[in-house]
Amino acid sequence: MIPELGHFLLAMAVVLACVQGIIGIIGPTLKDPRALAAAPLLTLLHFTAIALSFLALVWAGVVSDFTVENIADFSSSIVPLMYRITGVWGNHDGSILLWCLILSLCGAAVALGGRQLPATLRARVLGVLGLVSCGFLLFTLSVSDPFTRIWPPPLEGAGMNPILQDPGLAFHPPVLYTGYVGFSVAFAFAIGALLEGRIDAAWGRWVRPWALISWCFLTAGITLGSWWSYYTLGWGGYWFWDPVENAALLPWLTGTALLHCAIVVEKREALKAWTVLLAIATFSLSLSGTFLVRSGILNSVHSFAAAPDQGLFILALLGITIGGSLLLFAIRAPILAGAGIYAPISRESALVLNNIFLCAIAAVVFTGTLYPPFANLLFGIQLSVGAPFFNQTVLPLAGPIILAMGVGPLLRWKRADMLPVLQRLWLAGGIALLVLIILTATKHLIAALGLAGGAWVVLAGLTDLADRIRLFRVPLGQALGRLFSLPRAAIGAALGHIGFGVSVLGIAGMTLAQQSVVVLKPGQSTELGGYSWTLNDIHDAPGPNYSQRVADVSIGEGGHTFLTLHPARRIFTAQGTTTNDAAIHTNGLQDIYVVFADEQNGGAELRLNWHPGAPLIWFGGLIMALGGFCSLSDRRLRVGAPNRKRLPKGAAA
Amino acid sequence: MSPLRRRLLFGVPLAVVVAGGAGFYTILRRMQVDDYDPHALPSPLIGKRPPAFTLPGTDGAQGFANTDIEAPAKPMLVNWFASWCLPCQQETPMLAKLAASGITIWGIAYQDHPDATADYLARFGNPYQRIAADASGLTAINWGVYGVPETYFIDKTGIVRWRYPGALTQQVVDSQLMPLFRKYS
């Protein structure tokens with residue numbers, strides 16, 4: 001009964017979204033106040049319908065209602081409650097419903113929080129969101145229905161993929177999806193602006209918090225995903241240039257560019273058409289990221305099994321959404337003229353530079369990801385593009401960004417002088433140079449460049465903050481007082497840059513990582529990274545729905561044991577699969593990482609890893625996301641400053 | 001910038017997306033229509049003779065060497081299998097059907113215990129005229145086998161013309177294998 005209700009509510013949501021889309025788009029043209037008022041109301045109803053429908057699916061998962069095919073196939077009654085809930089979005093159909101839920105939540109947030117927006121713009125934004133939602137809800141309902149019933153129901157579900165039974169995975173998709181889908185609002189604003197035919201500083205100020213919040217979630221989602229693959233999957237790496245990872249990285253790159261560009265629109269009314277294009281591109285890449293990887297075209301570890309007819313449906317949806325918006329862009333954007341003028345050395349130029357390099361990286365990653373299937377199609381050749389290509393192409397492009405990141409925030413708008421800025425950064429630059437020289441002599445060049453670059457970004461960010469609060473020039477208490485009265489956006493920006501620098505430090509540190517695969521019998525030991533690693537014992541240990549074999553590995557330095565780790569192999573009897581539960585010890589600066597890969601002839605095959613800097617990668621991602629949230633709490637964004645600059649109503653071109 | 005150039009420039013993103021969309025559409029269509037696999041790995045053996053090997057027989061059958069398939073009387077198949085491989089079991093009815101229609105199939109048991117191979121053949125039938133055992137798996141590496149089952153089509157001159165990774169299905173046999181037999185007979 002409950003699943004039927006959920007199914008019915010889903011059908012209702014399609015209708016509501018469709019009406020919301022049509023009224024939202026046509027209403028402003030008709031200039032009918034009833035139509036303008038109806039759009040927010042419809043958005044809220046549409047959100048309620050999807051939310052209830054999603055709850056119905058969660059309910060079916062919680063009570064293990066195996067008449068729902070989705071639950072029978074991907075869950076079972078012995079799975080712990082938390083994973084019965086999170087398992088709802090751990091499969092193809094359920095995850096798309098979650099996607100639609102977040103999309104409608106974004107719409108509801110605009111409907112409720114956008115009271116200061118001009119009524120026509122708000123209706124248009126909601127209309128665009130409604131149309132997008134309608135398309136994907138139709139997809140859910142027609143070819144990927146999570147409420148499909150089976151009769152007679154099986155006595156027990158097929159169980160859940162053991163890899164998915166992990167808190168990291170449970171929360172990774174919702175966070176990542178919020179990041180992806182949040183950009184739909186920036187997209188809708190861009191389309192709304194193209195329909196209205198005007199963009200001004202106020203538009204930039206409305207779009208920026210939306211872009212920022214999505215960016216924070218996307219950053220957090222990518223960080224979580226990378227951390228999850230590192231510590232759960234026991235892959236021992238943090239980034240594999242897998243198509244799905246690239247699919248998340250692409251909107252992050254263009255989203256980061258969008259974030260910086262929207263500042264220029266807000267402050268200087270320049271780069272308007274470019275910002276609109278970035279907003280469209282970011283959401284388009286988010287869409288492609290979520291859906292193209294499911295079509296089977298790209299080869300990936302993340303793939304959900306999807307039928308080709310779903311692939312064609314998705315392609316049609318993407319074609320209409322992306323193609324339609326770019327057609328509108330081609331027709332309408334040429335009338336958006338920029339107003340601000342700026343000198344070659346200025347904050348604007350620095351941001352343009354940032355945009356150029358971010359987009360260049362995005363273009364390289366995009367090409368590398370899509371080249372294999374297209375090369376096959378066009379020339380009939382088989383190839384795979386892997387990490388070596390991406391490392392060699394992305395690193396040189398990241399270099400200038402890292403250099404410019406330190407200088408950019410200290411430049412003034414319109415026209416700036418390089419010399420005083422460099423004088424303020426002499427300390428950061430000096431230390432970075434020192435790091436570079438010392439490490440080039442002792443380690444290899446890539447690590448030296450990376451660590452120097454990371455140090456430069458972190459120190460330049462700290463210098464910026466210290467300058468602003470006049471640290472060491474006024475008494476400490478007063479300086480701290482100034483810190484709290486700084487605009488939060490300034491702190492957030494500095495934190496964002498510092499976080500990126502910290503991640504760069506971690507990535508550079510990982511280039512020095514050492515690993516080895518050894519087979520040890522109990523009592524034997526080996527050397528790696530200056531430590532001695534000893535296998536003490538292998539024994540059995542019970543688990544809730546699996547049995548496991550645990551290896552006791554002690555790690556010592558100079559004959560003195562300081563750590564014992566317990567990596568395990570878990571055998572899930574229901575599925576007949578085995579997962580490796582890696583044992584990781586971190587001290588915040590380096591990881592010691594042991595995987596119990598296999599057992600043979602009484603010996604354990606161990607993968608031993610010494611990972612200097614690894615924790616910094618995720619720590620940096622966290623700081624970046626926190627910086628974003630800090631910036632979001634800025635007063636200007638919170639109290640809706642655009643209020644004071646209200647546009648004349650009905651000023652559409 | 002002239003207004004026309006500006007307009008054209010703003011149309012570039014659309015053009016890129018239209019071209020990309022058309023490409024994806026073609027790939028998806030072909031995946032549906034003719035089993036096109038965008039990630040299929042080519043076999044390095046296509047157009048060549050298999051590298052030198054001599055493998056012993058198993059389960060009482062005669063083994064074979066590369067010299068035995070240098071010039072078969074008619075086109076034949078070499079099928080890699082293993083008793084521990086589930087898709088191999090699924091494939092056995094198809095192989096039996098092919099063998100019954102008069103096609104020569106030689107098998108190579110990949111990293112398998114002789115007892116297990118014998119048991120497997122007793123349970124699922126033996127479509128092979130000769131069965132070699134590649135216990136070490138070295139020959140498989142030389143052939144570029146990346147998983148069992150894998151089927152190779154060898155023409156009358158001993159040259160490998162086609163390789164199929166995975167279990168043979170009726171569709172693959174009809175659309176790919178039978179045309180090969182017609183072409184090379």
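**Reading cores and confidence in a predicted model**

User: Leaving aside neighbours within four places in sequence, which residues are in contact with A:V458?

Analyst: In this predicted model, A:V458 is in contact with A:I498, A:G501, A:V502 and A:L505, once neighbours within four places in sequence are set aside. A:V458 itself has its place in helix α16 (residues 445-468) of chain A.

User: Does A:V458 count as buried or exposed?

Analyst: The cut-off for buried is under 20% relative accessible area. A:V458 counts as buried because its relative accessibility is 14%.

User: How should one read a nonpolar core, and which residues touch the most other members of the largest one?

Analyst: In soluble globular proteins, nonpolar side chains tend to be buried together. Here the largest nonpolar core has 142 residues, and A:W99, A:F136, A:F189, A:W203, A:V276 and A:I280 touch the most other members. Helix α7 (residues 167-196) of chain A supplies the largest share of this core, 14 residues. A separate, second core of 43 residues includes B:L77, B:A82, B:W106 and B:I131.

User: Which residues does A:W99 touch, not counting those up to four places away in sequence?

Analyst: On that basis, A:W99 touches A:F136, A:Y177, A:V181, A:F283, A:L287, A:T290 and A:F291.

User: Where in chain A is confidence lowest, and where is it highest?

Analyst: Where pLDDT is low, the predicted coordinates should not be read in detail. Chain A averages a pLDDT of 84, with 92% of the residues scoring at least 70. Among its helices, α20 (residues 635-638) of chain A has the lowest confidence, at a mean of 60, whereas α2 (residues 33-62) of chain A has the highest, at 93. Over residues 639-653 of chain A, pLDDT stays under 50.

Conventions: Residues are numbered from 1 along each chain as its sequence is written. Chains are lettered from A and ligands numbered from 1 in the order in which they are written. This is a predicted model: local features need pLDDT of at least 70, side-chain atom pairs count only at pLDDT 80 or more; totals for chains, interfaces and linings use all residues. Side-chain values use heavy atoms; hydrogens and water are left out. A nonpolar core is a set of buried Ala, Val, Leu, Ile, Met, Phe, Trp, Tyr and Cys residues joined through side-chain atoms within 4.5 Å. Buried means under 20% relative accessible area, exposed over 50%, partly exposed in between (1.4 Å probe, protein chains only). Helices (H or I, at least four residues) and strands (E, at least two) are DSSP runs, numbered from the N terminus. Contact means heavy atoms within 4.5 Å. pLDDT is the predictor's confidence in each residue, from 0 to 100.
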